[in-house]
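Open the model in your viewer and keep the selection tool at hand. This tour goes stop by stop and says what to select at each one.

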Amino acid sequence: MDLFTSNFQLMDNGDSLVPDQIYTVKSGVGYGPQGSIILPVDNKKFYVVTPTVSDSYYQNVWLNKPALNWNFDLLLYHVVDLYANAGLGKVVQKKVPLLQNTPMKKSQMAACRHANGKDWWLLKMAGDTNMVFTFLVQQDTILRYPNQYIPFPLRGVNDVWGQMKFSRDGTRWATTYEASNDTTYQHFGDVYTAGFDRCTGLLSGFQQFIAPPYIDTGNIGLEFSPNGKFLYVTKYNAVQQLDLTDGTWYTVHG
């Protein structure tokens, strides 16, 4: 919610990157994993992307917590000139909306370099469907591409944590989440993977894997192995390994 310099001082114009009410309630501290991402487009220019909550959504949804309470409704970006102030940087554009009035999950946002080596593909999960918002981050603009869809049923509304990741070479993508049943709060251990095209930004060849239960079944985070052969899935009480070549699971720690 704030940007700091390499000297641990508040960056010029780097305060209050989110609307006033959520900033005040959270005292400037971000909420949830993958709550922001920083993307360099050249040596001096950086984009900072932040999913957040508008003041009206906070008042009408967060405070009342009705059914189907989605976490975020606003996706903003900010532009940093790192050459300003003798290299300490300055926020030169602030709170530019990418999405407005749009249900989004708190977590699950990741980026991968475009095949041209300059631009970025940015993927962000929606909140009320298995929809993936897709953006192309270029040096002078951010373009929205057509939405993509994970071809498996949505598990439930109680989806708070989880992560989205790309493999090191950018050819594979994965996401997991800690969804739970709406009434019994039984956790689901879904992991979704797909191939990723760094030229077009398209996902393809989706697969669904269900992590075996180990004390709890809620998935918190994940990461590809360096060679892309394995996924490591973290839970509250365990770390599990998924072999992507044959779909087998192994408990690394628990």
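## Start near the C terminus: S13 and S14

Select strand S13 (residues 230–234) and strand S14 (residues 239–243), an antiparallel pair held over 5 bridges. This is a predicted model, so keep that in mind at each stop. Now pick Phe230, whose bridge partner in S14 is Asp243.

Widen the selection to the sheet around this pair. Its 4 strands run in the order S12-S13-S14-S15, the sheet is open, and the pairing is antiparallel. Strand S12 (221–224) and strand S15 (249–253) are the edges, each pairing on one side only. Neighbouring strands here are turned by 25 degrees against each other on average, direction ignored.

## Next sheet: S8 to S11

Move to the open sheet with the order S8-S9-S10-S11, which also has 4 strands and antiparallel pairing. Its edge strands are S8 and strand S11 (203–210), and each pairs on one side only. From one strand to the next, the twist averages 15 degrees.

Begin with S8. Is strand S8 (residues 162–166) mostly covered or mostly open? Mostly covered: 4 of its 5 residues are buried. Add strand S9 (residues 172–177), which pairs with S8 in the antiparallel sense over 5 bridges. Within this pair, Met164 stands opposite Thr175 in S9. Then follow the chain through the hairpin of S8 and S9, which has 5 residues between the strands. Stop at Gly170 in this hairpin, where phi is positive, near 80 degrees.

Now select strand S10 (residues 190–196) together with S11. The two run antiparallel and are joined by 6 bridges. Two facing pairs are worth labelling. Val191 stands opposite Phe209 in S11, and Gly195 stands opposite Ser204 in S11. The hairpin of S10 and S11 has 6 residues between the strands. Here the residue to click is Gly201, with a positive phi near 75 degrees.

## A closer look at Gln208

Stay on strand S11 and select Gln208. Is Gln208 buried or partly exposed? Gln208 has a relative accessible area of 33%, so it counts as partly exposed, the class between 20% and 50%.

Show what surrounds the residue. Leaving aside neighbours within four places in sequence, Gln208 is in contact with Phe152, Asp190, Val191 and Tyr192. Draw a distance from Gln208 to Thr193 as well. These residues are 15 apart along the chain, and their C-alpha atoms are separated by 6.6 Å.

## Helix H2 and its cover

Jump back along the chain to helix H2 (residues 55–62). Colour its buried residues: Tyr57, Tyr58, Val61 and Trp62. Look down the axis of H2: these buried residues fall within an arc of 100 degrees, so they line one face of the helix. What lies over them? The cover of the buried residues of H2 includes helix H1 (20–25) and strand S3 (72–81).

## The largest nonpolar core

Next, show the side chains of the largest nonpolar core, which has 30 residues. Which members touch the most others? They are Val49, Trp62, Leu75, Leu122, Phe135 and Val137. Elements giving two or more residues to this core are strand S1 (37–40), strand S2 (45–52), H2, S3, strand S4 (90–113), strand S5 (120–126) and strand S6 (131–137). S4 gives the most, with 5 residues.

Centre the view on Phe135. Beyond the residues up to four places away in sequence, Phe135 touches Leu75, Leu98, Leu99, Trp120, Trp121, Leu122, Ile142, Leu143, Arg144 and Tyr145.

A second, separate core comes next. This one has 17 residues, including Leu123, Val132, Phe166 and Phe206.

## Zoom out

Finish with the whole protein chain. Its secondary structure comes to 3 helices and 15 strands. Of its 254 residues, 49% count as buried. Turn on the surface: the accessible area is about 11800 Å², with 52% belonging to carbon and sulfur atoms. Last, display the contacts between residues at least 6 apart in sequence; 49% of these join residues at least 24 apart.

Conventions:
Residues numbered from 1 in each chain as written. Predicted model: local features only at pLDDT ≥ 70, side-chain atom pairs only at ≥ 80, totals over all residues. Heavy atoms only, no water. Buried < 20%, exposed > 50% of the residue type's maximum accessible area, 1.4 Å probe, protein only. Arc of directions from axis to C-beta. Contact = heavy atoms within 4.5 Å. Core = buried A, V, L, I, M, F, W, Y, C linked by side-chain atoms within 4.5 Å. Pairing = 2+ DSSP bridges. Axes fitted to C-alpha atoms, helices over the stretch in contact; angles between N-to-C directions. Areas by Shrake-Rupley, 256 points an atom, 1.4 Å probe, with all protein chains shown as cover.
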